[in-house]
Amino acid sequence: MNSLSTLVFTNELPPAKKLGEELLLIYDQILAQKSPVFKKWSQSIALKYAVKAGEHLKDIEKFPGHIKAITKLTEQTSVKKLTIVVVGGGSVGDFGGFVASVLKRGVRLIHIPSTWLAAIDSAHGGKTALNVGGAKNQIGTFYPADQILMVRSVLMAQPEARAFEGFGELVKIALIQGGKLWTELAKEKHVNAKTLWKHLQAAVQAKYKVVAKDPHEKKGIRHVLNLGHTVGHVLESYYELPHGIAINYGLDFALRFSVQAKVMKPAELTRIYDQPVMGFLLSPLRDDLISVKSKDLTEYRRLLLSDKKKTKAATLRFVFVAKPGKTVIKEVSVDELLIELCRQREEELHG
C-alpha cells in the first residue's frame, strides 16, 4: 500500500458510482441533517453507517458494537470490490479509517473531509486511531486512504467557527514548513473559510513532504508534526476543548517555551507574534482557562504520562521552534513541562 494518498481538489461531490463498485458510506450524522446537498448525494449509496462525531466515537469500549453492526451491513459485499467512503471531521476519519484497516483484513478507503481540521491535517498521513481510558489515540494503524477528496462546497458549508478551529493546524504546518507558506499566511488579516481554502493545497503538500520521509514514524522525522500537540492534547482532554482550539493553546505554549529553552531568540518570537495572522491565534479564547492548581497539575501529569511521545518513564519528545522553517526536537521531563506551564501562567497574570 502506498504511504501517500491521491489528492483530488473539486468543487462538488462526485457521482457515487465513480468512487467504487461497492460502497459503504461512514458519515457524520449531522451532515444529513444540515446539508441538503450531502443528503441527496448520500441517497445514491445503498450501504450507510451514520455516526455521531466526537472523541467518544473513538472509545475502544464502544468499538465492538460498531464493528458488529458494520460487519452485518457488509456481509454480502466482496472484499476486493468494497470501498469505505468516510465523510466527516477528524474523529469520524480516525474511526472510519480504523474500520477500513481491520474490516475483512483491510478494504479500500476514500476520505472526504467535511471539516477544515480534517482537510488540513487529520485526513492526511494514513493514521487511524481509537482512544483508551480517556487517553487519545492509544491504539491505531497506519492505513492511508486510496484517495482524499477536497470538496469545496462541503468545506464551505461549515459554520464559520469551524474555520477558526482549523486555523491552528494551518499555522502549525506553516511554522514547520517556513518559506512561502509561512510568509503568505503570516500577512493574512482575516481568518475565515476563504483564507483556509486559499492555503489548503500548500498546507497539505507541506504535510506530505514530511510524511513521505517517514511514513510509519520509524525515523523520528514525522514527529515534527506534533508541534503544539503535547500540551494541546492535555488541554483538549482535560477541558473538553475542540481539538483545533486546544492546538492553538499548544502552539502558543510551544513558541514561548522555545524562548525559555533558548532554542528561539526573544526577537524571533516578537517577529512571529507581530505578524497579522498571529493576532487570531488566541484572540477568541478565555484568558482564565488554564489553571495551575495542584489538582489540575496532577491530572495534567497523568495525561502527559499517557502521551505516545513518551520516551522513558517521565520524559517526552517535545517539538520546539527556532524560527519558521526550523524546528528542534528535544527530550524534556514531564516536570519541566509542568514548571513551564506554571511559569507561563504566572507571566500572564503578573506580566
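What follows is a guided walk through this structure, from its sheet to the helices around it. Please keep in mind that the model is predicted.

A good place to begin is the sheet. It is an open sheet of 6 strands in the order β1-β8-β5-β4-β2-β3, and the pairing is parallel. At its edges lie β1 and β3 (47-51), each of which pairs on one side only. From one strand to the next, the twist averages 20°.

Let us start at the β1 edge. Strand β1 covers residues 6-10, and with β8 it forms a parallel pair over 5 bridges. If you look for leucine 7, you will find it opposite isoleucine 148 in β8. Strand β8 itself spans residues 147-151 and is mostly covered, with 4 of its 5 residues buried. Strand β8 also pairs with β5 (residues 108-113), again in the parallel sense, this time over 2 bridges. Here histidine 111 is the residue that stands opposite isoleucine 148. Isoleucine 148 is thus a handy landmark, facing leucine 7 as well as histidine 111.

Now move along to β2 and β4. Strand β2 runs through residues 22-28 and strand β4 through residues 82-88, and the two pair in the parallel sense over 6 bridges. Within this pair, leucine 24 stands opposite isoleucine 84 in β4. Its neighbour in the chain, leucine 23, also belongs to strand β2. Is leucine 23 buried or exposed? Its relative accessible area is 11%, and the cut-off for buried is under 20%, so leucine 23 counts as buried. Which residues surround it? Setting aside neighbours within four places in sequence, leucine 23 is in contact with Ala16, Ile45, Leu47, Leu82, Thr83 and Val85. One of these partners, leucine 47, is 24 residues away in sequence, yet the C-alpha atoms of leucine 23 and leucine 47 are 6.6 Å apart in space.

Helices lie across the sheet, too. Helix α3 (residues 63-73) lies across β2 and β3, running at about 165° to β3. Helix α9, residues 193-213, lies across β1 and β8 and runs at about 180° to β1.

Helix α4 deserves a slower look. This helix takes in residues 90-102, and its 13 residues reach 18 Å from the first C-alpha to the last, close to the 18 Å expected at 1.5 Å a residue. Why can α4 be called largely enclosed by the rest of the structure? The reason is that 11 of its 13 residues are buried. Among them are Val92, Asp94, Phe95, Phe98 and Val99. Serine 101 is another residue of α4, and it counts as buried because its relative accessibility is 12%. Beyond residues up to four places away in sequence, serine 101 touches Gly106, Thr128, Thr141 and Tyr143. After α4 comes lysine 104, whose phi is positive, near 50°.

How do α3 and α4 meet? Two packed helices are described by the angle between their axes and the distance between the axes. The axes of α3 and α4 come within 12 Å and cross at roughly 60°, and the two helices are therefore oblique to each other. The crossing is right-handed. On the α3 side, Phe63, His66, Ile67 and Ile70 take part, and they meet Phe95, Phe98, Val99 and Val102 in α4. A general point helps in reading such a list: an α-helix has 3.6 residues a turn, so residues three or four places apart point the same way.

A second helix pair is formed by α7 (residues 160-177) and α8 (residues 179-186), whose axes come within 7 Å and cross at roughly 135°. That angle makes α7 oblique to α8. The contact involves Leu170, Val171, Ile173, Ala174, Leu175 and Gln177 of α7, together with Gly179, Leu181, Trp182 and Leu185 of α8. The crossing of α7 and α8 is left-handed.

Our last stop is alanine 118, which sits in helix α5 (residues 116-122). Its relative accessibility is 1%, so alanine 118 counts as buried. Leaving aside neighbours within four places in sequence, alanine 118 is in contact with Gly88, Gly89, Gly90, Pro113, Ala123 and His124. Leucine 155 lies 37 residues from alanine 118 along the chain, and their C-alpha atoms are separated by 10.0 Å.

Definitions and conventions: Residues are numbered from 1 along each chain as its sequence is written. This is a predicted model: local features need pLDDT of at least 70, side-chain atom pairs count only at pLDDT 80 or more; totals for chains, interfaces and linings use all residues. Side-chain values use heavy atoms; hydrogens and water are left out. Buried means under 20% relative accessible area, exposed over 50%, partly exposed in between (1.4 Å probe, protein chains only). Two strands pair if DSSP finds at least two bridges between them. The expected span of a helix is 1.5 Å times one less than its number of residues. Axes are lines fitted to C-alpha atoms, for helices over the stretch in contact, and angles run from 0 to 180 degrees between N-to-C directions. Angles under 35 degrees count as roughly parallel, over 145 as roughly antiparallel, 65 to 115 as roughly perpendicular and the rest as oblique. A crossing is left-handed if the near helix is turned anticlockwise from the far one by less than a right angle, and right-handed if clockwise. Contact means heavy atoms within 4.5 Å.
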